[in-house]
Amino acid sequence: MAGGDLRSLALVSAAVAAAMCYVRFAAQRLRPGLPRLAAFLPVLAVLPFLPLAFRAIHPRAISGFFLAWLAESKLLLLAAGQGPLHPSLPLPAFVAVASGPVRLRADKAAQTSSGLGLMSAAVMAALLAVIVSLYRYKEQMNQYLLLTLYAFHVYLALELVLASMAAAARAVLGLDLEPQFDRPYLSASLRDFWGRRWNLSVPAILRPCVYRPVRAWLGSAPAGVLATFLVSGLVHELMFFYITLRPPTGEATAFFALHGACAVAEAWWARHDKWWRPPPLLATPLVLAFVMVTAFWLFFPPITRPGADKVVIAECEAAIAFLRDAGAWAAGFVRPG
């Protein structure tokens with residue numbers, strides 16, 4: 001990250017902390033509904049612009065996800081008197097939950113691990129470094145092999161970034177957290193992939209914000225699913241804008257609308273007990289193949305077409321070179337003699 005982005009990080013962090021302190025203060029004094037929403041409007045209006053303070057793609061995209069998607073959604077839920085935020089939370093925990101991929105564990109008695117273990121994180125970081133090192137041969141690669149590497153890159157990077165943020169909140173604030181991913185490579189259906197395994201901060205927000213209100217309004221679970229995927233697609237258009245700084249193309253919306261329709265069809269088929277369904281050993285490869293093929297078609301082109309993938313690769317290579325040089329310097333510093 002360049003010096004300018006380090007300054008931007010400090011300024012954005014201070015602005016977000018101040019905004020969330022104000023939100024908590026207002027929520028403690030105003031009842032849910034229009035009074036809270038009106039008080040939150042200045043913060044809701046400012047948050048989507050803060051990621052534009054960064055010049056590099058990685059901090060711009062990550063902060064866009066945290067602030068323009070997660071934080072906005074959580075503040076809208078708080079305005080309506082719903083979780084995961086509550087003004088009774090201690091101020092540091094409130095700021096962390098409001099502005100990051102931090103989800104408090106609903107069942108505090110659960111003993112399952114929350115997040116990546118150190119060994120798993122090290123293996124994922126090593127795999128990501130290998131993938132980045134292979135990009136030097138990208139001009140000689142088959143297009144679909146390169147897109148496959150991009151798919152693994154997205155998964156590993158998201159897993160590491162979100163787990164790192166959650167681990168930092170756990171270490172500093174002592175929060176009891178839920179995991180961000182649950183082995184999406186074992187998904188046996190699209191509903192399993194999107195709803196229970198992939199980037200769990202997103203379905204945790206979309207369920208109360210979109211799915212439940214639409215289902216209650218229309219009395220239809222399929223309508224709630226379709227609306228949820230449509231909203232996810234529209235917000236991904238915003239995420240792609242943070243990456244490319246170009247107008248939306250509609251392809252991300254089409255990608256998630258397609259997956260929503262397929263998830264509804266999948267649920268309809270599953271209700272017929274006597275109908276054929278693939279065995280587990282076949283279901284998982286079919287699901288992953290469908291996700292990747294449709295991603296090659298609709299998800300990646302808005303990023304690769306303007307060349308944003310090349311900038312992402314350059315930033316990754318610079319980060320790895322920095323870590324390698326820092327490691328060599330540290331080793332030389334501690335070496336006796």
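Here a colleague and a modeller talk through a predicted model of one protein chain.

Colleague: Let's start with the overall build. What makes up the secondary structure of the chain?

Modeller: The count is 13 helices and 0 strands. Read from the N terminus, the elements go α-α-α-α-α-α-α-α-α-α-α-α-α.

Colleague: Why is the chain called as compact as a globular protein of its length?

Modeller: Its radius of gyration is 21 Å, and the globule rule gives 20 Å for 337 residues; those values are close, so the chain counts as compact as a globular protein of that length. Along the principal axes, the C-alpha atoms fill a box of roughly 70 × 55 × 45 Å.

Colleague: And how much of the chain is buried?

Modeller: Buried residues come to 43% of the 337 residues. As for contacts between residues at least 6 apart in sequence, 69% of them join residues at least 24 apart.

Colleague: Could you show me one such pairing of distant stretches?

Modeller: Try Ala61, which sits in helix 3 (residues 57-79). Its C-alpha atom is 6.5 Å from that of Met239, with the two positions 178 residues apart along the chain. Ala61 is also in contact with Tyr242 and Ile243, once neighbours within four places in sequence are set aside.

Colleague: How many disulfides does a search of the whole structure find?

Modeller: The search finds 0 disulfides. To count, a pair of cysteine sulfur atoms has to be within 2.5 Å.

Colleague: Why is Cys21 called partly exposed?

Modeller: The relative accessible area of Cys21 is 31%. Buried needs under 20% and exposed needs over 50%, so a value in between is called partly exposed. Cys262 gets that label too, because its relative accessible area is 25%.

Colleague: What makes Met119 exposed, then?

Modeller: Met119 has a relative accessible area of 63%, and the cut-off for exposed is over 50%, so the label follows. Met119 lies in helix 5 (residues 118-134). Pro101 is 18 residues away in sequence, yet the two C-alpha atoms are 22 Å apart.

Colleague: Where is Gly174, and is it buried or exposed?

Modeller: Gly174 is in the loop between helix 6 and helix 7. At 59% relative accessible area, Gly174 passes the 50% mark and is therefore exposed. Gly174 and Ala93 are 81 residues apart in sequence, with 8.9 Å from C-alpha to C-alpha.

Colleague: What is unusual about phi in a residue other than glycine when it is positive?

Modeller: Most residues other than glycine have a negative phi. In this model, Arg183 has a positive phi, near 45°. Arg183 belongs to the loop between helix 6 (143-173) and helix 7. Leu245 isn't a glycine either, and its phi is positive at about 60°. You'll find Leu245 in the loop between helix 9 and helix 10.

Colleague: How do you know that Arg183 and Leu245 are partly exposed?

Modeller: Arg183 has a relative accessible area of 44%, and Leu245 has 46%. Partly exposed lies between 20% and 50%, so both residues get that label.

Colleague: Let's look at helix 7 itself. Which of its residues are buried?

Modeller: They are Leu190, Asp192, Phe193, Trp194 and Arg197. Their cover includes helix 8 (201-218), helix 9 (221-244), helix 10 and helix 11. After helix 7 comes Asn199, with a positive phi near 40°.

Colleague: Which helices each supply at least two residues of the lining of the second largest pocket?

Modeller: Helix 7 (190-197), helix 10 (251-270) and helix 11 (280-299) do. Helix 10 gives the largest share, 5 residues.

Colleague: How much space lies in that second largest pocket, and which lining residues are closest to its centre?

Modeller: The space is about 460 Å³. Of the 16 lining residues, Ala188, Ser189, Glu266, Pro278 and Val287 are the closest to the centre.

Colleague: What classes of residue make up that lining?

Modeller: There are 12 nonpolar, 1 polar and 3 charged residues. Among those closest to the centre, Ala188, Pro278 and Val287 belong to kinds that count as nonpolar, while Glu266 is of a charged kind.

Key
Residues are numbered from 1 along each chain as its sequence is written. This is a predicted model: local features need pLDDT of at least 70, side-chain atom pairs count only at pLDDT 80 or more; totals for chains, interfaces and linings use all residues. Side-chain values use heavy atoms; hydrogens and water are left out. Buried means under 20% relative accessible area, exposed over 50%, partly exposed in between (1.4 Å probe, protein chains only). On a 1 Å grid over the protein atoms alone, a cavity is a set of points where a 1.4 Å probe fits but cannot get out, and a pocket is an open set with protein on both sides within 12 Å along at least five of seven lines; lining residues have an atom within 4 Å of a point. Grid points are joined across faces, edges and corners, and a volume is the space filled by probe spheres set on the points. Helices (H or I, at least four residues) and strands (E, at least two) are DSSP runs, numbered from the N terminus. The radius of gyration is taken over C-alpha atoms; the globule rule is 2.2 Å times the number of residues to the power 0.38. Contact means heavy atoms within 4.5 Å.
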